[in-house]
Amino acid sequence: FPRHGLMEFFSAAEIDAAMAREVTTSLTDPLSLGVDVARYGANNSVIFPRKGRDARSIARQVFNGLSTVELDAKVFETHTALHSDGIFIDGGGVGGGVIDNVRNMHLFCHEVQFGGRDDVGGDTWGISGEKYKNKRAAMYGACRAWLKGGALPNDPELKRQMLAVRYWVDEKSGSIILEAKEDMVDEDGGGVSPDDIDGLVL
């Protein structure tokens, strides 16, 4: 796809508001762990906890160079410490190995395929009427809607990643298409890898 005509997906003002907003959670709000999997190289593996509208109080964990065996041990430790209600793991690439190992530890986890069809559901997540090319784009759309009432950590790197996410609209289908993660990393030799955002949307 051509890169011309790309637009910023997230609003800087809404990011700033979410980084400044105070929210409260209840005991019944589920606590989820989003796990973005990387192995070696520039990309990081991320475990991003979120409880309801609060993605700030429990710090995300960022790892570089972990093997899949080491990462699934970190997932197990985090789940045991936080008693999470749901674990959502990126199933693409080497992520399948983490999923297999986590399940072998007798933990239930959801496998998420970013390239799969959009089955997120617009009404539930505040994106009714919006069309997305794939599941990754729809998850990002749900996160963008969530920002209007959610709380993010006041973190310049997180903001930098969010502002680097760009999109365009397919003229034929009217679907929103996000710039590929690989293109974001490679762009102009100094790109951004949205590992933290992937962890959050998971």
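Which side chain does the side chain of Arg60 meet in a polar contact at 2.8 Å? That would be the side chain of Asp155. Keep in mind throughout that this is a predicted model.

## Arg60 and its two aspartates

Let's start with where Arg60 sits: in the loop between β3 (45-51) and β4 (61-63). Besides the contact with Asp155 at 2.8 Å, the Arg60 side chain makes a polar contact with the side chain of Asp196, at 3.1 Å. Is Arg60 buried or exposed? With a relative accessibility of 18%, Arg60 counts as buried, because the cut-off for that label is under 20%.

Leaving out residues up to four places away in sequence, Arg60 touches a run of residues at Val46, Ile47, Phe48 and Pro49. The rest of that list is Pro153, Asp155, Leu158 and Asp196.

## The view from Asp196

Now flip to the other side of the 3.1 Å contact. Asp196 belongs to helix α8 (residues 195-201), and its relative accessible area of 4% makes it buried.

Which residues does Asp196 contact, once neighbours within four places in sequence are set aside? They are Val46, Phe48, Arg60, Val62, Glu157, Leu158 and Gln161. Compare that with the Arg60 list, where Val46, Phe48 and Leu158 also turn up.

## Arg56, in the loop with Arg60

Arg56 is also placed in the loop between β3 and β4. Here the label changes: a relative accessible area of 23% makes Arg56 partly exposed. Its side chain goes for backbone, reaching the backbone oxygen of Ala18 at 3.0 Å and the backbone oxygen of Met19 at 3.2 Å.

Those two belong to a longer list of residues that Arg56 touches, not counting residues up to four places away: Ala18, Met19, Ala20, Arg21 and Glu22, plus Ala151, Leu152 and Pro153. Leu152 deserves a second look. Arg56 and Leu152 are 96 residues apart in sequence, yet their C-alpha atoms are 4.9 Å apart. Pro153 is a shared name, as Arg60 touches Pro153 too.

## A cluster of rings

How many aromatic pairs does a search of the whole structure find? The count is 4. One of them joins Phe9 and Phe10 edge-to-face, with 5.2 Å from centre to centre and 85° between the planes. Phe9 counts as buried at 2% relative accessibility, and Phe10 is buried at 2% as well. Phe9 also pairs with Tyr140: the ring centres are 6.4 Å apart and the planes stand at 70°, so this pair is edge-to-face. That angle earns the label because edge-to-face calls for planes over 60 degrees apart.

The Phe9–Tyr140 pair links distant parts of the chain, 131 residues apart. Phe9 is in the loop between β1 (7-8) and α1 (12-20), while Tyr140 is in helix α5 (residues 135-146). Tyr140 is buried too, at 0% relative accessibility. Ring pairs bring Tyr167 in as well, giving a cluster of Phe9, Phe10, Tyr140 and Tyr167.

Two arginines lie over ring faces here. Arg144 is over the face of Phe9, at 3.9 Å from the ring centre. Arg136 is over the face of Tyr140, at 5.2 Å from the ring centre.

## The second largest pocket

Arg136 shows up again in the second largest pocket, which has a volume of about 380 Å³. This pocket is lined by 19 residues, and the closest to its centre are Phe114, Arg136, Lys181, Glu182 and Asp198.

Which elements give two or more residues to the lining? They are α5, β8 (176-178) and α7 (181-186). Of these, α7 gives the most, with 3 residues.

## Val94, ahead of α3

Last stop: Val94, found in the loop between β5 (86-90) and α3 (95-104). A relative accessibility of 34% puts Val94 in the partly exposed class.

Leaving aside neighbours within four places in sequence, Val94 is in contact with Val37, Arg39 and Thr68. Between Val37 and Arg39 comes Ala38, whose C-alpha atom is 7.2 Å from that of Val94. Along the chain, Val94 and Ala38 are 56 residues apart.

How values were computed
Residues numbered from 1 in each chain as written. Predicted model: local features only at pLDDT ≥ 70, side-chain atom pairs only at ≥ 80, totals over all residues. Heavy atoms only, no water. Helix = DSSP H or I, 4+ residues; strand = E, 2+ residues; numbered from the N terminus. Buried < 20%, exposed > 50% of the residue type's maximum accessible area, 1.4 Å probe, protein only. Polar contact = N/O pair within 3.5 Å; in protein donor to acceptor, adjacent residues only side chain to side chain. Contact = heavy atoms within 4.5 Å. Phe/Tyr/Trp six-rings, centres within 6.5 Å; stacked < 30°, edge-to-face > 60°. Lys NZ or Arg CZ within 6 Å of the ring centre and 35° of its normal. 1 Å grid on protein atoms, 1.4 Å probe; cavity = no way out; pocket = protein on both sides within 12 Å on 5 of 7 lines; lining within 4 Å. Points joined across faces, edges and corners; volume = space filled by probe spheres on them.
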